[in-house]
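Please walk me through this structure in the viewer, one selection at a time. For each stop, say what to pick and what is there.

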Amino acid sequence: MASRPDPYATLGVDKKASADEIKKAYRKLARQYHPDRNPGDKKAEERFKEISQAHDILGDPDKRKDYDRASGPFGFGGAGGPPPGGFDVGGFGDILSNLFGGAAGGRAGGGARGRTQGQPGRDLETEVRLSFEQAVDGAQVPLAVPTSTQCTTCHGTGAKPGTSPRVCPQCQGRGVEAEGQGLFSISQPCTRCGGAGTVIDEPCPTCEGAGSTRTVKKLRVNIPAGVRDSSRIKLAGKGEPGRRGGPPGDLYVVTRVSESPIFKRKGDHLEVEVPLTIPEAIRGATIEVPTLHGTKKLRVPAGTKHGTVQRLRGEGPPLLNAKGRGDIHYRFVIDVPATLSEEQKEAVDELSKVINGDPRARLFAAREGKAKV
Ligand SMILES: [Zn+2]
Ligand SMILES: [Zn+2]
């Protein structure tokens, strides 16, 4: 009990055993320790449970791979969590935690035998609307998240106060039962207890046995500076509470950020379109441009072309996963008036007398050059 039961050792097979060898070993042992053959023998029953759990893992190629990875040199971190989509009652996570003895000390009194951890709480997701400024500067925003909380009458057991859940008589607390007889059985969640491993005779009047009640959870969330539209902020442990001592889920807050009339997000940076008059573009100018918290002066060189970009480094929004801030890119667009007054027309006529020549000549020069060859 102190050491971690190794499913390979439990079935007495080699780590490299084939699926066939595992199946054979399992059948032989299951036959030997089957409760039908050993009525009233607690040790045999315990052993049979271990054998079934070992086969649950090694008999399934995916779970076996997960187990091998989890028990490998890198331990049970990162990649080794319960597989997504795995059955969630009496599931792989529970089996592993049993195997690893992780929660061995935590067997709840009166709880199901052989099951040491309750079901983890569900993750919650909610949206939060932010102004552009709140997204850039960060903000503390109130949230109201519909959720369920542990019932205060029964403290989550689902049983009427003064009573407690008892071990499910159908699955003996395993949470799974075998369909079919003995050796060719398929494990599935217990139909009597739904996989919980326990049954409630007198349900709690407040929650009708659910162990939780629907509420709206109110909390204030710190939105970090620099979030974007559709950023997903994880608040660990702020999801629904776990059942029967399981860990709480997480809360994901998805940001919905209003657009700014001035600033457009471009990755880590912001972009601003800055109109220039024709004379400013031709002669150059010192102009004032908007920054996130004020204005800055920008030198526009003489002969600035339409679409030229100038950057102010570090004036952009804070970077989310690094120190420092992004930049603001100022894109110059030359403002061409749609209509001209008589006076302006004359001025343009004057200008075209002075600034002339054919800027498109080089487009054709190249072709003619080729033609001459
Ligand atoms: Zn209750
Ligand atoms: Zn059951």
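Start by selecting Thr 126, which stands opposite Val 253 in β9. Note that the model is predicted.

**The sheet**

Extend the selection to β1 and β9: the two run parallel and are joined by 7 bridges. Now add β8. The order β1-β9-β8 gives an open sheet of 3 strands, with mixed pairing. Strands β1 (124–130) and β8 (232–235) have a single partner each and stand at the edges, so each has one side without a neighbour in the sheet. On average, neighbouring strands here are turned by 25 degrees against each other, direction ignored.

**The loop after β9**

Follow the chain out of β9 (251–257) and select Ser 260, in the loop that leads to β10 (264–266). Its side chain reaches the backbone nitrogen of Phe 263 at 2.9 Å. Is Ser 260 buried or exposed? Its relative accessibility is 7%, so Ser 260 counts as buried, the cut-off for buried being under 20%.

**The zinc site**

Next, select the zinc ion (ligand 1) and show its donors: the SG atoms of Cys 151, Cys 154, Cys 204 and Cys 207, at 2.3 Å. In sequence, these donor residues follow the spacing C-x2-C-x49-C-x2-C. What is the geometry of the site? The angles among the 4 donor atoms are 105 to 114 degrees, and the site is tetrahedral. For reference, the ideal angle for four tetrahedral donors is 109.5 degrees.

Finish by colouring two of the donors by accessibility. Cys 151 has 1% relative accessibility and therefore counts as buried; Cys 154, with a relative accessible area of 5%, is buried too.

How values were computed. Residues are numbered from 1 along each chain as its sequence is written. Chains are lettered from A and ligands numbered from 1 in the order in which they are written. This is a predicted model: local features need pLDDT of at least 70, side-chain atom pairs count only at pLDDT 80 or more; totals for chains, interfaces and linings use all residues. Side-chain values use heavy atoms; hydrogens and water are left out. Donors are N, O and S atoms within 2.8 Å of the metal (3.2 Å for Na, K and Ca); water is not among the atoms, so sites may look incomplete. Four donors count as tetrahedral if all angles lie between 85 and 135 degrees; four count as square planar and six as octahedral if opposite donors are over 155 degrees apart and all others between 65 and 115; anything else is irregular. Buried means under 20% relative accessible area, exposed over 50%, partly exposed in between (1.4 Å probe, protein chains only). Helices (H or I, at least four residues) and strands (E, at least two) are DSSP runs, numbered from the N terminus. A polar contact is a pair of N or O atoms within 3.5 Å; within protein, one must be able to donate a hydrogen and the other to accept it, and residues adjacent in sequence count only if both atoms are side-chain atoms. Two strands pair if DSSP finds at least two bridges between them. Axes are lines fitted to C-alpha atoms, for helices over the stretch in contact, and angles run from 0 to 180 degrees between N-to-C directions.
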